[in-house]
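Me: I should like a close look at a single part of this protein. Please examine one helix carefully and then place it within the whole chain.

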Amino acid sequence: MQSRDKLDLAVKAVDDKKAHAITALDMRGVSLVADYFVICHGNSEVQVEAISREVKDRANIAGLDVKRLEGLEEARWVLIDLNDVIVHVFHKDERAYYNLEKLWGDAQTIELERIIQA
């Protein structure tokens with residue numbers, strides 16, 4: 001599966017669990033860590049956990065290897081590593097503090113409407 005397909009899978013998964021302020025950053029040429037970051041938040045630990053599990057479950061169904069899943073126990077900042085797509089699911093109270101969008105301000109923001117509508 002290509003990285004753009006993984007991006008689509010992740011965006012649809014977080015959207016289906018009603019994640020808030022979904023943002024995708026094109027990290028190609030900016031970082032060697034991944035091609036894309038997906039950043040979103042939930043309003044409670046329960047929602048953060050549900051969003052994270054949905055991404056993991058959809059990746060598994062699609063036959064993708066989830067390289068790492070960290071932070072699920074606390075559900076304050078969960079990182080889901082799909083190799084070339086990394087999904088960051090924050091609790092709403094943590095997102096502004098870490099402000100990944102500003103930290104990676106050189107990355108281009110991807111328009112998500114096409115992905116969500118598909």
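Reply: In this predicted model, K18 takes a positive phi of about 60° just after helix 1. Helix 1 itself covers residues 3-16. At 1.5 Å a residue, its 14 residues should span 20 Å, and the end C-alpha atoms are 20 Å apart, which agrees.

The next matter is which residues of the helix are hidden. The buried residues of helix 1 are S3, K6, L7, D8, L9, A10, V11, A13 and V14. In general, an α-helix has 3.6 residues a turn, so residues three or four places apart point the same way. The buried residues of helix 1 have several partners: they pack against strand 1 (20-26), strand 2 (36-42) and strand 5 (85-91), and also against helix 2 (45-61) and helix 5 (113-117).

These partners belong to a chain with five helices and six strands. From the N terminus on, the elements follow the order α-β-β-α-β-β-β-α-α-β-α. The radius of gyration of the protein chain is 13 Å, close to the 13 Å that the globule rule gives for 118 residues, so the chain is as compact as a globular protein of that length. Along its principal axes, the C-alpha trace spans about 35 × 30 × 30 Å.

Burial and contacts can also be described for the chain as a whole. Buried residues make up 48% of the 118 residues. Among contacts between residues at least 6 apart in sequence, 61% join residues at least 24 apart.

Conventions: Residues are numbered from 1 along each chain as its sequence is written. This is a predicted model: local features need pLDDT of at least 70, side-chain atom pairs count only at pLDDT 80 or more; totals for chains, interfaces and linings use all residues. Side-chain values use heavy atoms; hydrogens and water are left out. Helices (H or I, at least four residues) and strands (E, at least two) are DSSP runs, numbered from the N terminus. The expected span of a helix is 1.5 Å times one less than its number of residues. Buried means under 20% relative accessible area, exposed over 50%, partly exposed in between (1.4 Å probe, protein chains only). Contact means heavy atoms within 4.5 Å. The radius of gyration is taken over C-alpha atoms; the globule rule is 2.2 Å times the number of residues to the power 0.38.
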